[in-house]
Amino acid sequence: IESALADLQREGLIVENEQEELKATIQKIIDLPEISPFFEVPERFIRNEREILRPNQSPLRPDRVIKMGSKIVILDYKTGSKSNSHKYQVKDYQKIYQAMGYTEVEGYLVYLETMEIVKV
C-alpha cells in the first residue's frame with residue numbers, strides 16, 4: 001500500500017497529507033473478510049489492470065485477477081451506485097477466462113464507497 005501511495009504522490013495524483021487517510025481506507029477494503037484472502041497470494045499470481053485481447057472486439061481490462069492454484073478470482077472495483085451493468089461486465093471477464101480453459105472462475109464487485117462485496 002505504501003509503495004503504491006508513494007508512486008501516486010510522485011506522479012502528482014495525490015499530495016502527501018492525503019496518504020494516511022487513503023492508506024486507512026485501502027486497508028479497510030483489503031481487510032474485508034470476503035476478499036482479504038485474495039490479497040495474501042504471492043505477487044507473481046496477481047495481475048492488476050492487464051488487458052485481455054479479443055479477436056474483433058475491444059480489449060477487456062479487469063481491475064484485479066488472482067490465480068489461486070487452478071482457480072481464477074476476478075475483482076472489479078466500483079464507485080457510485082450499484083448497477084446491473086457492473087455484473088454483466090464481470091460476467092464478461094469470467095467468460096473470457098473460461099474460454100481460456102479455466103473451469104473455476106469467481107467474480108466479485110467491490111463497491112469502494114460502501115465497502116460492499118457482491119459475488120457475481
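## A tour of the fold, hairpin first

Select residues 52–54 and 57–60. These are strands β2 and β3, and two bridges pair them in the antiparallel sense. The model you are looking at is predicted. Now pick out R54: its bridge partner in β3 is Q57. Two residues separate the strands of this hairpin. Click on N56 in the turn, where phi is positive, at about 60°.

**Whole chain**

Zoom out and colour by secondary structure. You should find three helices and seven strands. Trace the chain from its start, and the elements come in the pattern α-α-β-β-β-β-β-α-β-β. Along the principal axes, the C-alpha atoms fill a box of roughly 45 × 30 × 25 Å.

**The helix pair**

Select residues 2–10 for helix α1 and residues 19–30 for helix α2. Two packed helices are described by the angle between their axes and the distance between the axes. Here the axes come within 10 Å and cross at roughly 140°. That angle makes α1 oblique to α2. The crossing of α1 and α2 is right-handed.

Show side chains at the contact. From α1, select E2, L5, A6 and Q9; from α2, select Q19, L22, K23 and I26, which they meet. By class, this contact of α1 with α2 has four nonpolar, two polar and two charged residues.

**The sheet**

Next, bring up the open sheet of five strands. Which order do the strands of this sheet take? Read across, the order is β1-β4-β5-β6-β7, and the pairing is mixed. Go to the edges, where β1 and β7 (116–119) stand. Each has a single partner strand, so one side of each is left without a neighbour in the sheet. From one strand to the next, the twist averages 20°.

Move inward to residues 64–68 and 71–78, strands β4 and β5. They run antiparallel and are joined by five bridges. Label K67 in this region: I72 in β5 stands opposite.

Now add residues 84–99, helix α3, which packs on the sheet. Which strands does α3 touch? They are β4, β5, β6 and β7. The direction of α3 makes about 155° with that of β6.

**The second hairpin**

Stay with β6 and add β7. Four bridges pair these two in the antiparallel sense. Select Y111 and look across to E116 in β7, which stands opposite. β6 and β7 form a hairpin, with four residues between the strands. In this turn, M115 has a positive phi of about 55°.

**An aromatic link**

Last, show the rings. A pair of aromatic rings is described by the distance of the centres and the angle of the planes. The structure holds two aromatic pairs. One of them is F38 with Y108, at 5.4 Å centre to centre and with 45° between the planes, a tilted pair. Why does this pair tie together parts that are 70 residues apart in sequence? F38 lies in the loop between α2 and β1 (46–48), while Y108 lies in strand β6 (residues 104–111), so the pair bridges that separation.

Conventions:
Residues are numbered from 1 along each chain as its sequence is written. This is a predicted model: local features need pLDDT of at least 70, side-chain atom pairs count only at pLDDT 80 or more; totals for chains, interfaces and linings use all residues. Side-chain values use heavy atoms; hydrogens and water are left out. Two strands pair if DSSP finds at least two bridges between them. Axes are lines fitted to C-alpha atoms, for helices over the stretch in contact, and angles run from 0 to 180 degrees between N-to-C directions. Angles under 35 degrees count as roughly parallel, over 145 as roughly antiparallel, 65 to 115 as roughly perpendicular and the rest as oblique. A crossing is left-handed if the near helix is turned anticlockwise from the far one by less than a right angle, and right-handed if clockwise. Contact means heavy atoms within 4.5 Å. Ala, Val, Leu, Ile, Met, Phe, Trp, Tyr, Cys and Pro count as nonpolar, Asp, Glu, Lys and Arg as charged, and the others, Gly among them, as polar. Rings of Phe, Tyr and Trp (its six-membered ring) pair if their centres lie within 6.5 Å; planes under 30 degrees apart count as stacked, over 60 as edge-to-face and the rest as tilted.
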